[in-house]
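Reader: I want the reasoning behind each label, not just the label. Can we go through them one at a time?

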Amino acid sequence: MNKTKRKPYPWIASRAVLACLMFTAIAPAYGQFTPLVCVANAGTTPPLRRSEITARLGDIVIGCSGGTPTPAGQAVPTRDFLVYLDLNHTGRKTGDLLDSLLLIDEPAPQAQVPCSTDVSLCGWTGGTKGPNVFQGKVLAPNAIAFYGVPVDPPGDFTQRWFRIVNLRVDASSKPPLASGDPQAVTASVSAAGLSFHNANGLIVGYTQSIVRTQVRDATGNVLQASANGVEFPNCSTVTRQRFANLRFSDQTGFQLLPPNWIYNLVTGAPGAPNGQALPGTIYNTESGFYNPLFPPANHLNQAGLADSGTRLQAVISGLPAGATIYVSTVAVTYTDGVPAPNTNPTAQARMTAAAEGAFAPVAATDTLDGIPVVAVPVTQGSAAVVWEVVKGSIGMPIDLDFPVWISFPGNSVGLGTASVSMRLGPVSTETAASETAWIPRFADAATTLPLLTTINMCPSTQYLVTTSPAFLPVVVDGQTYTSPKSFPWQPGSTHTISAAATIPIATGTRYTATGWSDGGGLTHTITVPQSPTSYVASYKNQYLLDVKVVPAAGGTVTATPSSVDGYYDPDTNVQLAVSLAPLYSFSGFSGDVSSPYTSQYLRMWKPLSMTATFVKAGAVSSTVGVTPASGSGSDVTLQATYEGSQGAQSLKWVQLLLATAPDGGGQPFCFVHYDVPGRMFWVYSDIDGFFHGPVSPASPSAELQGSSCLMDSSLTLSPGSNGPRLTMNVPLIFKTAGARNIYLRALDEAGVDTGWVQHGTWTQELPPLPEMAVYPNSGGAASQSFELSSSWGQHFYLSAAPIGWTQFLIAADSTGGGQPFCFIHWDRAGQEFWMYSSDVGFFLGPVKPYTASNLLNSSACSVDTAQSGPPPFSGPIFSLSVRVTLKAPMQGPKKMYMRTLDALKMDSGFQFVGTYQVP
């Protein structure tokens with residue numbers, strides 16, 4: 001910057017030139033506004049439990065800008081907002097009023113004022129706000145209306161926000177896809193007299209099966225896969241034996257939910273509900289948006305509030321006569337197969353007396369294995385238990401486990417298989433909005449699983465050889481039998497019993513022996529005792545992990561934990577790691593699991609068959625491709641892949657070009673160069689005619705740019721190699737618009753140059769302007785400290801880059817309006833203040849921040865530079881404090897504008913950021 005005080009700023013030769021620069025048609029003329037336009041979006045798209053009747057959708061958020069603000073004292077026009085859902089809404093209602101709410105301007109909980117009377121009494125006037133929370137009304141089974149909502153147009157360069165909360169629908173009425181994939185729930189929003197964008201087909205949730213139920217063994221570790229469940233001989237007395245575990249698994253961390261209060265676990269009395277009224281916040285409870293400060297009128301003080309946490313129901317049927325079932329009253333966690341009650345911070349559930357109605361904790365009748373249990377009443381072979389989730393997780397997938405014990409006498413009757421049906425509750429058939437129906441409520445979508453089987457194993461003789469599960473082969477004294485098999489042995493005689501180590505069940509599935517009940521080897525000799533005895537060979541289910549390598553010379557795949565023959569217990573987590581042979585790259589896994597990654601995690605929930613494919617390098621180095629190969633946008637991360645004939649290390653450099661032709665085509669182009677051995681990025685500037693750089697990966701820098709793009713070096717790591725292949729991620733922000741081809745090029749150490757090879761296309765768009773703001777954005781003091789800020793969103797380091805400048809203008813409008821104006825300039829490169837003085841026709845300055853000086857002074861305003869400057873520590877957002885005194889010629893209403901030449905070297909033009917009444 002020219003620091004001569006008596007001469008104009010280099011790019012301003014006169015006040016006329018200043019006017020030309022400042023006051024081109026960047027903003028609308030003073031007093032004129034663009035039309036009011038609203039844009040609707042889904043605040044979130046939560047996963048919805050497929051069986052839930054009262055599934056809570058994500059919020060609908062509407063942002064409106066433009067229009068002419070209502071003059072002070074005049075009535076603000078009202079609009080009726082209509083929301084149509086593709087499922088019936090099922091929330092709480094009072095008469096025709098619903099607990100769905102519309103909020104205006106994202107008010108904080110203490111500032112939320114509901115319209116609790118007729119909406120005609122809840123209007124606003126220009127400059128004065130009224131109630132900002134409006135209740136929905138039933139318009140149709142799938143439609144909600146918000147009547148009489150005041151819509152005061154915000155004017156240009158600011159927005160008015162409307163948020164619709166507490167939308168619940170019957171997710172159980174959407175049939176699942178044959179594939180089992182999630183299904184979108186959509187909404188549309190409209191308001192007569194408002195122009196809407198993106199108002200139809202908003203995705204506000206996805207229905208899917210996200211709560212899994214299982215029966216596991218007594219340790220909680222192994223999935224019970226037998227069609228018979230756990231098998232017991234009916235002739236043996238069983239006393240309080242822990243034999244199974246009932247598991248409810250929340251696979252997202254947001255589906256097994258507590259209420260938003262804490263129960264007294266002795267009396268069952270609920271504590272006061274917690275407020276959940278911060279707009280846009282996701283609360284991990286069954287309740288929705290809820291403000292306890294609301295009045296009781298129209299049940300507003302209950303809006304959004306659930307009646308309970310998620311309830312977990314289990315019904316056991318088919319129990320043998322005389323059986324007693326004991327079930328844990330609390331959720332447990334297993335450590336080395338030993339259960340212990342869940343404590344903080346683990347998710348918790350507690351047994352309650354009934355599926356519906358107020359929480360009524362069931363007191364334990366006994367303690368087994370250190371766990372409080374209840375002997376559940378058995379009626380005609382059936383027993384039912386219900387737990388309520390009383391403490392949630394922190395948004396991570398969780399398992400809620402409940403161990404089960406059994407007692408029954410020997411020689412039981414009522415033989416057969418007992419099953420357990422597990423579901424979420426309460427179960428209901430009420431599928432509409434209701435004044436009394438429970439929230440949450442679910443359709444009956446129980447999963448029924450085998451739990452235990454009592455088998456007639458009481459022969460006339462007293463010795464039994466069998467298997468668990470039953471009906472598998474055993475060998476006794478060299479003869480093969482199907483279990484169970486009884487024998488009339490004499491006490492003291494000896495016999496040899498044998499069980500197979502493995503028994504095939506189906507392709508990739510087998511039983512594997514875990515041992516005999518007497519502790520003997522798979523084949524061993526027994527001496528018959530005096531008392532009746534059963535010898536049981538136990539088996540567990542296993543699945544095969546079959547990984548083929550193609551071609552075999554391409555590399556190897558190692559599984560951890562290892563398995564001698566590839567079989568694993570159900571739910572075992574296995575990591576596959578790929579090792580490459582020289583000059584081979586890894587193409588990816590295919591089959592039951594598809595993945596391009598050389599490290600892959602699996603869970604053995606069934607037999608898995610996969611193929612690891614490798615590719616050998618070609619005879620010469622080449623370019624492979626780019627992802628994405630097409631698209632449009634103002635920024636993109638292009639993943640370019642190259643191949644060296646002698647390995648990735650044989651590449652000397654690789655390049656990426658976005659241009660209309662390999663020679664640039666006479667238009668701006670984006671040209672990125674990566675020095676492979678030096679591990680440095682460069683970008684060719686078609687403005688300067690040379691390369692800018694070098695910059696190492698992951699180093700924030702605004703240096704790598706030309707006329708068409710900037711490479712965001714902070715967002716990329718060093719290119720990675722996959723055998724002979726090198727993959728480079730190139731994050732780009734575009735500075736020019738238009739269609740471009742994507743070319744790749746590479747040079748290797750042998751001097752082989754691939755030349756430019758086209759691999760895709762991209763339509764470049766201009767980026768959004770940096771978000772600029774001033775605080776305060778209104779006021780009326782003659783002397784005021786203004787806090788200026790601007791942000792580049794995800795490319796945050798560009799906001800604080802010491803490049804370009806920021807300007808602050810207080811004037812009648814962005815053209816100056818023919819009135820005195822205050823115009824302050826901050827040189828971000830030089831870290832200095834300047835001020836344009838219309839008195840002398842040029843810029844005054846520079847002055848260093850926090851330095852006392854009278855230099856920045858005109859008839860319109862002055863800057864107290866001793867109290868002005870950037871904060872001592874720079875953050876991800878550019879900020880600057882400016883202490884300004886506005887003088888008498890500035891008196892009257894004024895507008896405030898900001899302008900920046902940013903790290904992309906792009907001029908934003910003056911943007912409206914607020915109003916000011918100069919005294």
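Author: What follows takes up disulfides, a buried serine and a cavity in a predicted model.

Reader: How do you know that C38 and C64 form a disulfide?

Author: Their sulfur atoms are 2.0 Å apart. The cut-off is within 2.5 Å, so the pair counts as a disulfide. The link is right-handed, with 105° about the S-S bond. C38 sits in strand β1 and C64 in strand β4, 26 residues apart.

Reader: Why is C38 called buried?

Author: Its relative accessibility is 0%. Buried means under 20%, so C38 qualifies. C64, at 1%, is buried by the rule as well.

Reader: What makes C670 and C709 a disulfide?

Author: The S to S distance is 2.0 Å. That is within 2.5 Å, so the pair passes. The torsion about the S-S bond is 75°, and the link is right-handed. C670 lies in strand β48 and C709 in strand β51, so the bond ties together parts 39 residues apart in sequence.

Reader: Why is the disulfide of C822 and C861 called right-handed?

Author: Because the torsion about its S-S bond is about 85°. The sulfur atoms are 2.1 Å apart. Both cysteines are buried.

Reader: How many disulfides does a search of the whole structure find, and what is the pairing?

Author: Four disulfides turn up. With the bonded cysteines numbered in sequence order, the pairing runs 1-2, 3-4, 5-6, 7-8.

Reader: Why does S483 count as buried?

Author: Its relative accessibility is 2%. The limit is under 20%, so S483 is buried. S483 lies in the loop between β31 and β32. Residues that S483 touches include V465, F471 and V474.

Reader: What makes the pairing of the S483 and T467 side chains a polar contact?

Author: The distance is 2.6 Å. A polar contact needs N or O atoms within 3.5 Å, a donor and an acceptor, so this pair fits. The S483 side chain also reaches the backbone oxygen of L472 at 2.9 Å.

Reader: Where does the largest share of the lining of the largest cavity come from?

Author: From β7, which gives three residues. The elements giving two or more residues are β6 and β7. Among the lining residues are R92, Q135, N298 and H299. The cavity holds about 50 Å³ of space. The structure has four cavities of 30 Å³ or more.

Reader: What is the lining of the largest cavity by class?

Author: Three nonpolar, five polar and three charged residues.

Notes:
Residues numbered from 1 in each chain as written. Predicted model: local features only at pLDDT ≥ 70, side-chain atom pairs only at ≥ 80, totals over all residues. Heavy atoms only, no water. 1 Å grid on protein atoms, 1.4 Å probe; cavity = no way out; pocket = protein on both sides within 12 Å on 5 of 7 lines; lining within 4 Å. Points joined across faces, edges and corners; volume = space filled by probe spheres on them. Helix = DSSP H or I, 4+ residues; strand = E, 2+ residues; numbered from the N terminus. Nonpolar A, V, L, I, M, F, W, Y, C, P; charged D, E, K, R; others polar. Buried < 20%, exposed > 50% of the residue type's maximum accessible area, 1.4 Å probe, protein only. Contact = heavy atoms within 4.5 Å. Lists of a residue's contacts leave out its neighbours within four places in sequence.
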